[in-house]
Amino acid sequence: IWKRGKMEELYNIGISSNDLENITYSYPEIRLISNEDIKSKIDFLKRIGCTDYQVRNIVISNPWYFRRELTELEKIINTILSLGISNLSCFINDNPFFLNKDICEIIDYINKALRNGQELKTAVFMLEDNPMLIDK
């Protein structure tokens with residue numbers, strides 16, 4: 001059972017003890033992450049416009065997000081913005097595992113789509129609709 005002080009930042013966004021048990025079952029290494037690091041990752045999501053509810057959903061769905069460096073996350077967000085995806089909070093909330101992608105995977109997907117004759121706008125729309133396309 002978790003004591004409130006250990007993962008205070010997660011409790012502050014509405015993560016319940018039950019949620020935390022499920023998260024630590026899926027990603028036990030989260031126990032090694034400091035509250036300060038967790039807070040910085042939560043603050044990052046809020047800076048891109050995510051509500052507490054969206055942050056909670058992202059964390060519950062993708063606790064592996066916490067292993068990423070902030071500089072990597074910023075590069076991913078900048079890449080997403082450069083593609084014309086403007087509603088970051090909705091995009092990330094709907095596709096939390098996108099935060100686990102490497103920039104080269106995103107760029108490779110776009111370049112492949114362009115080489116196959118798709119317009120950038122179409123490739124981005126398809127990516128928004130199904131980010132798992134990157135894995136193909």
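# Close-up views of an all-helix chain

**View 1. Ile60 is found in helix H4, which covers residues 52–61.** The model shown here is predicted. With a relative accessibility of 30%, Ile60 counts as partly exposed. Setting aside residues up to four places away in sequence, Ile60 touches Ile15, Asp19 and Ile23. A further pair to look for is Ile60 and Asn22, whose C-alpha atoms lie 8.2 Å apart in space although 38 residues separate them in sequence.

**View 2. The whole chain gives the setting for the close-ups, with eight helices and zero strands.** Followed along the sequence, the pattern reads α-α-α-α-α-α-α-α. Taken along the principal axes, the box filled by the C-alpha atoms is roughly 55 × 25 × 25 Å. The chain has 136 residues, and 42% of them count as buried. Among contacts between residues at least 6 apart in sequence, 66% join residues at least 24 apart.

**View 3. Helix H3, residues 35–47, crosses H4 at roughly 125°.** The two axes come within 10 Å of each other. An angle of 65 to 115 degrees would count as roughly perpendicular and one over 145 as roughly antiparallel; H3 is therefore oblique to H4. The crossing of this pair, H3 and H4, is right-handed. On the H3 side the contact is made by Ile42, Leu45 and Lys46, and on the H4 side by Asp52, Val55 and Ile58. Sorted by class, these residues of the contact between H3 and H4 are four nonpolar, no polar and two charged.

**View 4. H3 also packs against H5, at an angle of about 15°.** Here the axes of H3 and H5 are 11 Å apart. Angles under 35 degrees count as roughly parallel, so H3 is roughly parallel to H5. H3 passes H5 in a right-handed crossing. Ser40, Lys41, Phe44 and Arg47 of H3 make the contact, together with Leu70, Leu73, Glu74 and Ile77 of H5. By class, the contact of H3 with H5 holds four nonpolar, one polar and three charged residues.

**View 5. Lys39 is a residue of helix H3.** Lys39 has a relative accessibility of 36% and therefore counts as partly exposed. Its C-alpha atom is 12 Å from that of Asp52, and the two residues are 13 apart in sequence. Asp52 is one of the H4 residues in the contact between H3 and H4.

**View 6. Asn62 sits in the loop between H4 and helix H5, which spans 70–82.** The relative accessibility of Asn62 is 0%, so this loop residue counts as buried. Apart from neighbours within four places in sequence, the residues in contact with Asn62 are Pro96, Phe97, Leu99 and Asn100.

**View 7. Helices H7 and H8 pack at an angle of about 130°.** H7 covers residues 103–115, H8 covers residues 120–129, and their axes are 9 Å apart. H7 and H8 are therefore oblique to each other. Their crossing, that of H7 and H8, is right-handed. From H7, the contact is made by Tyr109, Ile110, Ala113 and Leu114; from H8, by Leu120, Ala123, Val124, Met126 and Leu127. By class, the contact of H7 with H8 has nine nonpolar residues, with no polar and no charged ones.

**View 8. Cys90 and Cys50 are shown with the gap between their sulfur atoms, 8.6 Å.** Cys50 holds the cysteine sulfur closest to that of Cys90. A disulfide needs two cysteine sulfur atoms within 2.5 Å, so the sulfur of Cys90 is too far from that of Cys50 for a bond. A search of the whole structure finds zero disulfides. Cys90 has a relative accessibility of 33% and counts as partly exposed. Cys104 is likewise partly exposed, with a relative accessible area of 48%.

Notes. Residues are numbered from 1 along each chain as its sequence is written. This is a predicted model: local features need pLDDT of at least 70, side-chain atom pairs count only at pLDDT 80 or more; totals for chains, interfaces and linings use all residues. Side-chain values use heavy atoms; hydrogens and water are left out. Axes are lines fitted to C-alpha atoms, for helices over the stretch in contact, and angles run from 0 to 180 degrees between N-to-C directions. Helices (H or I, at least four residues) and strands (E, at least two) are DSSP runs, numbered from the N terminus. A crossing is left-handed if the near helix is turned anticlockwise from the far one by less than a right angle, and right-handed if clockwise. Contact means heavy atoms within 4.5 Å. Ala, Val, Leu, Ile, Met, Phe, Trp, Tyr, Cys and Pro count as nonpolar, Asp, Glu, Lys and Arg as charged, and the others, Gly among them, as polar. Buried means under 20% relative accessible area, exposed over 50%, partly exposed in between (1.4 Å probe, protein chains only).
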